[in-house]
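Let's take a walk through a protein model together, one stop at a time. Keep the picture at hand and find each residue as we go.

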Amino acid sequence: MKKLLCMVSLLSALISCKDETQPELSEGVWRGKLSVMEGEKLPFNFLVEREDDAYKMQIYNASEVIVVDEIELNGDSIRIHPPVFEGYISGTFTPERIDGDFRIESLDRVVPFEASFGETERFSAKKTADVNVSGIWETEFTPVDLEAYMGKGIFAQDGNKVTGTFRTTTGDYRYLEGVVMGDSLKLSAFDGAHAFLFTAQVTDSSLNGVFYSGNHSKETFVGKRNEGFELPPADSLTFLKKGYDKFSFSFPDIDGTMVSSEDERFKNKVVIVQILGSWCPNCLDETKFYVNYLRDHNLKNLEVVGLAFEYAKTKEGAIKSIERLKQRIGVNYPILLAQYGSSDKDMAQKKLPMLNRLLSYPTTIFIDKEGKVRHIHTGFNGPATGEKYIEFHKEFDTLLHELLSE
C-alpha cells in the first residue's frame, strides 16, 4: 500500500512539473522607461521576437538598431544583456510587462526600469510643435562642480519628431531621438552602456535645458542657433610634451603576454594606437570603424593596437570585458590591459606620461614607419554625426595611405 501511495505521489509530481510552462514574452514593440533624476523618465522602444525557442530584441535609437541575443528567462525572472557592454537589465516579467533595474556592477549603478508591451511611441506627443529645432546649435554644458564645456547640437525635425546628436570635443552623444511638444524638447538614447535624457525649453533661437546621464549625473545646458559654429579641431587637443619624441607603451595582452612598442612586430611599420575602454560607446563606434576598415583594405606594413583603460574592479573582470568586446565585434588586433579599477583620465595619463593630457576616450595616435608621432586624434565622431563621420572616414583614409606610402 505504501509503495502504491509513493508511486501515485511521484506520478502526481511528474504531471505537475510537466504542466508548469515557462511564461512567454509578447512578441512585438515595447516601450522601456528608465527612472533617471528629478522624477524624469528616459524612454526607448524595442522589438521582441522569438526564433527557435530563443528570444531576440532590437533596441531602437533613431536610425540605430542594437540587436540583443542574450535574453534569459527563468520562471518569471528575466535578464537582458545588450551586446559588448557590461550593463544588463534584470527583473521580473509577465507577457506584457517587465519590472526591474538596469545595472552596471563595476560602477555600483542601479537604475529602475519598467517596460510595457504595445506602446510604440517613444515620447507621447500630446501637443503639436510650436518651434522647429532643425539646424546647428552652439551649446554650453555646465556639469556640477566641473568646468563648462562646449557642444554642437545637430538636429533634424519632421513634425513633432526630432533626431540628431550633440558633438563635443571628446566625442558625440550618439543617436538621439525624441519630440518637440509645444515649446518643450525631449531627446533620449539607451545603448546598454549609457542612458541619456535631454530636456529643454526652446524658442526659435535658444535652448535652455538639462542633460541627465542615468540617475548619477546631471548637467544644465544653454544653446543658441549658429549655423557656422564649429568645435576646436580634434587633432589640436592632445600632443606630445616637450622632451618626448616618441610614444611608447608596454602592457600585457589578455593572455598576460607583455606587448611593447619596441617589439619587432612594430618595426618599420605604420602603427595606430587606440586608447579606449570597453565600456565606452564612442570607443565602440571607433572600434567598429577600424574592424570594418581593416576587413575591407588588405594593407601591409600596418599594425593596430588598443590600450584599454577599464573600470572593472578586478583584473579578471577587465580581461573578461575586453574579451567580450573582441568577440562580439570581431576585433583581430591586440587590445592590451593598460589599467583596471578606474577609467580616471588623470590616472591613465600617468601610464602615458608623454602626452600633455588624456582628454577623451577614445584617443588615437598615428605613428609613422620611423616611430615618430605624426597625428593625434581626440575623441571620435561616430555615425550619428552624419557628415562629420563621413569627413573623418575620408581624412583617416588619406592620412593612412600617406603614411604607408612613405
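Our starting point is D52, which is exposed, with a relative accessible area of 79%. Please remember that you are looking at a predicted model. You can find D52 in the loop between β2 (41-51) and β3 (54-61). Its backbone has a positive phi of about 50 degrees, although D52 is not a glycine.

There is another residue to set beside this one. D145 sits in the loop between β10 (135-143) and β11 (149-158). Here, too, a residue other than glycine has a positive phi, near 65 degrees for D145. Is D145 buried or exposed? With a relative accessibility of 77%, D145 counts as exposed.

Now let's turn to some strands. A general point helps first: the strands of a sheet pair through hydrogen bonds of the backbone, and they can do this in a parallel or an antiparallel way. Strand β5 (residues 71-74) and β6 run antiparallel, and 4 bridges join them. Within this pair, L73 has I78 of β6 as its bridge partner. The hairpin of β5 and β6 has 2 residues between the strands, and in it G75 takes a positive phi near 65 degrees.

On we go to the next neighbour. β6 also pairs with strand β7 (residues 88-94), in the antiparallel sense and over 4 bridges. In β7, the bridge partner of I78 is G91. Which residues of β6 (residues 77-80) lie on its covered face, and which on its uncovered one? I78 and I80 belong to the covered face, whereas S77 and R79 belong to the uncovered one.

Next, let's visit an open sheet. It is formed by 5 strands in the order β23-β22-β21-β24-β25, and the pairing is mixed. At the edges are β23 (335-339) and β25 (373-378), each of which pairs on one side only. Neighbouring strands of this sheet are turned against each other by 20 degrees on average, direction ignored. For one example of the pairing, look at strand β22 (residues 302-309), which joins β23 in the parallel sense over 4 bridges. Here L307 has L336 in β23 as its bridge partner.

Helices lie across these strands. Helix α2 (residues 281-296) lies across β21 (270-276), β22 and β24, and runs at about 155 degrees to β21. Helix α5 (residues 387-405) lies across β21, β22, β24 and β25, at about 140 degrees to β21.

What about the nonpolar cores? The largest one has 91 residues, and those with the most contacts inside it are F247, F249 and L307. You met L307 a moment ago as the bridge partner of L336. Which residues does F249 touch, if we leave out those up to four places away in sequence? Among them are V259, F266 and V273, along with V305, L307 and L336. There is also a second, separate core of 20 residues, which includes V131, F141, F166 and F221.

Our last stop is a proline. P362 is found in the loop between α4 (345-351) and β24 (363-367). The peptide bond that leads from Y361 to P362 is cis, with omega near 0 degrees. If you follow the chain onward from this loop, you come to β24, one of the strands in the open sheet we visited earlier.

Conventions. Residues are numbered from 1 along each chain as its sequence is written. This is a predicted model: local features need pLDDT of at least 70, side-chain atom pairs count only at pLDDT 80 or more; totals for chains, interfaces and linings use all residues. Side-chain values use heavy atoms; hydrogens and water are left out. Buried means under 20% relative accessible area, exposed over 50%, partly exposed in between (1.4 Å probe, protein chains only). Two strands pair if DSSP finds at least two bridges between them. A nonpolar core is a set of buried Ala, Val, Leu, Ile, Met, Phe, Trp, Tyr and Cys residues joined through side-chain atoms within 4.5 Å. Contact means heavy atoms within 4.5 Å. Axes are lines fitted to C-alpha atoms, for helices over the stretch in contact, and angles run from 0 to 180 degrees between N-to-C directions.
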